[in-house]
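The exercises below are meant to be worked through with the structure open. Each one sets a task and then solves it step by step.

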Amino acid sequence: QTKAGTSDTKVAKNPLAIAGDRVIPSVTHVFTSDQQLYVLFQAYAPPGSDPTKLRAGLVLYRGGVKSSETQLIEPAEIDNATHTVSFRLTMPLDKLPVGRYTVQAVTIEPGGGLSAFQRAFFALRGPVKAEPAAVVKPSSE
């Protein structure tokens, strides 16, 4: 893999490779209620800050109104060389109503003056029901 800029700069670690598994992003941003929403993001720790104190969570909005949120979690990984903090969050979607959502990833320093957020959008639909197999009767011709 290469970073933007030069063709000879290599990425030392793929952030989408986790414990031997590879995360595949949803390019459609459409999920079903029988799935879980997995969010992986990185934040840059400002110089002089303590990245171990940063916390992150998700807030879901539907129609401009907050509908759900996760608890704040500790960083999953801290890379002191790049000053990045990685967070991995999971949210079950089975209790949410079908519709369009704004998901806001929030990073804060509790008791401090640091905070940041990023928003994305997704649609939630009902579970996909398996269609029963069609029964084909032999013709009597």
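**Exercise 1.** In the loop between which strands is the place of L93, and which residues is L93 in contact with, leaving aside its neighbours within four places in sequence?

Before starting, note that this is a predicted model, in which local features need pLDDT of at least 70 and side-chain atom pairs count only at pLDDT 80 or more, while totals for chains, interfaces and linings use all residues. Residues are numbered from 1 along each chain as its sequence is written, and side-chain values use heavy atoms, with hydrogens and water left out.

*Solution.* Begin with the position: L93 lies in the loop between β8 and β9, where strands are DSSP runs of E of at least two residues, numbered from the N terminus. Next, take the accessibility: L93 counts as buried because its relative accessibility is 0%, and buried means under 20% relative accessible area with a 1.4 Å probe, protein chains only. Then list the contacts (heavy atoms within 4.5 Å), which, with neighbours within four places in sequence left aside, are F31, T32, S33, Q35, Q36, L37, F122 and L124. Finally, compare sequence with space: D34 is 59 residues from L93 in sequence, and the two are 6.6 Å apart, C-alpha to C-alpha.

**Exercise 2.** What is the nearest side chain of opposite charge to E109, and how far away is it?

*Solution.* First locate E109, which is in the loop between β9 (99-108) and β10 (115-125). The nearest side chain of opposite charge is K53, 5.7 Å away, and E109 is buried yet has no salt bridge. Here Lys and Arg count as positive and Asp and Glu as negative, with His and the chain ends not counted, and a salt bridge needs a side-chain nitrogen of Lys or Arg within 4 Å of a carboxyl oxygen of Asp or Glu. Beyond its neighbours within four places in sequence, E109 is in contact with K53, L54 and L114.

**Exercise 3.** How many helices and how many strands does the chain have, and what share of its residues counts as buried?

*Solution.* Counting the secondary structure gives zero helices and 10 strands, a helix being a DSSP run of H or I of at least four residues. Of the 141 residues of the chain, 28% count as buried. As a last step, consider the contacts between residues at least 6 apart in sequence: 59% of them join residues at least 24 apart.

How values were computed
Buried < 20%, exposed > 50% of the residue type's maximum accessible area, 1.4 Å probe, protein only.
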